[in-house]
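Me: I'm new to this one and would like to go through it slowly. Could you show it to me before I start asking things?

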Amino acid sequence: MTPARGKFVTLEGVDGAGKSTHLAWIAERLRARGREVVVTREPGGTPLGERLRELLLSEPMHIETETMLMFAARREHVARVIAPALKAGRWVLSDRFSDATYAYQGGGRGLSFDRIAALERWVHGDLQPDLTLYFDLSIEVARQRLAASQVSPDRFEREGSGFFDRVRSAYLERAAAHPGRIRVVDAAQPLEIVKESLEKLFIEYC
Ligand code: TYD
């Protein structure tokens, strides 16, 4: 018998919103509920995708090159990791997916959403996340958290607050346009409160 298709869950937010911490915790909670979970990330998630990630996070490049490399890595990721796992009945938890391209390359850098939508249709026209958690945080607090984390900032994290304001606005616009799929989580709350609201959300969702 073919297993029921798994669920595709993505986590989004500006750098510093804390989604990586929450991702590990969500994976643990889902496993405790008996789900088989694949944890992955973008850009990356495959050997080639991880090599593209290294370039994307360090090498200055034209905005269209940046966008196409994001989608090239995504094409590998969908074909080799995401689609096969969902087909086998596993849940896929991805740290970022195409909403990040709309927010960073579209909102942040100003590439037209139409261009992004064309690449999205090409690369994964038949696959969208079932659920997206968008961790929302003011840019001021996000930047304080990033500064406190003391890891050396990558090419995106070095951008100024104007860039991150545009990224956040684009995320919020997408959340308003896709209210069924994208849930906004207030990431300014204490960790325990955020966890409680995630727990409730997954009880409803599982
Ligand atoms: P991030 O998840 O923030 O990695 P880390 O937590 O290790 O810093 O992702 C890396 C960066 O890639 C992040 O700054 C956002 C950027 N990004 C885009 O600009 N467009 C995209 O489509 C994706 C997936 C990521």
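Reply: Sure. A word on naming before we start: helices of at least four residues and strands of at least two are DSSP runs, numbered from the N terminus. Keep in mind that this is a predicted model.

Me: Which helices each supply at least two residues of the lining of the largest cavity?
Reply: A search of the whole structure finds one cavity of 30 Å³ or more. Its lining is made up of W25, I26, R29, R33, L198, E199 and F202. Match those numbers to the helix ranges, and the ones giving at least two residues each are α1 (19-32) and α8 (191-205).

Me: How do the residues of that cavity lining divide into nonpolar, polar and charged?
Reply: Go back to the list, which includes W25, R29 and E199. Arg and Glu count as charged, while Trp, Ile, Leu and Phe count as nonpolar. That gives four nonpolar, no polar and three charged.

Me: What volume does the largest cavity have?
Reply: The search used a cut-off of 30 Å³ or more, and one cavity passed it. The volume of that largest cavity is about 50 Å³.

Me: Where does the ligand sit?
Reply: Start with the open spaces: the largest pocket holds about 590 Å³ of space. Of the 34 residues lining that pocket, D15, K19, S20, D95 and R96 are the closest to its centre. D15 and R96 also turn up among the residues that come nearest to the ligand. The ligand's place is the largest pocket.

Me: Which element gives the largest share of the shell around the ligand?
Reply: There are 17 residues around the ligand. At least two of them come from each of α2 (47-58), α3 (63-87) and α4 (98-108). With four residues, the largest share belongs to α4.

Me: What is the distance from a polar side-chain atom of T101 to an oxygen atom of the ligand?
Reply: Polar contacts here are pairs of N or O atoms within 3.5 Å. R53 has one, with a polar side-chain atom 3.0 Å from a ligand oxygen, and E157 has one at 3.1 Å. For T101, the distance is 2.6 Å.

Me: How much of the ligand's exposed area does the protein bury?
Reply: Those contacts include the one at 2.6 Å from T101. Taken alone, the ligand exposes 550 Å², and the share of it that the protein buries is 88%.

Me: What kinds of residues form the shell around the ligand: nonpolar, polar or charged?
Reply: Asp and Arg count as charged, and D15, R53 and R96 are among the residues that come nearest. Across the whole shell, the split is six nonpolar, two polar and nine charged.

Me: Which residue has a positive phi although it is not a glycine?
Reply: Look in the loop between β3 (91-95) and α4. The residue there with a phi of about 80° is R96.

Me: Which residues does a cis peptide bond join?
Reply: One of the two is found in the loop between β2 and α2. Omega for this bond is about -10°, and the residues joined are E42 and P43.

Conventions. Residues numbered from 1 in each chain as written. Predicted model: local features only at pLDDT ≥ 70, side-chain atom pairs only at ≥ 80, totals over all residues. Heavy atoms only, no water. Near = heavy atom within 4 Å. Polar contact = N/O pair within 3.5 Å; in protein donor to acceptor, adjacent residues only side chain to side chain. Areas by Shrake-Rupley, 256 points an atom, 1.4 Å probe, with all protein chains shown as cover. 1 Å grid on protein atoms, 1.4 Å probe; cavity = no way out; pocket = protein on both sides within 12 Å on 5 of 7 lines; lining within 4 Å. Sits in = over half its atoms within 2 Å of the grid points. Points joined across faces, edges and corners; volume = space filled by probe spheres on them.
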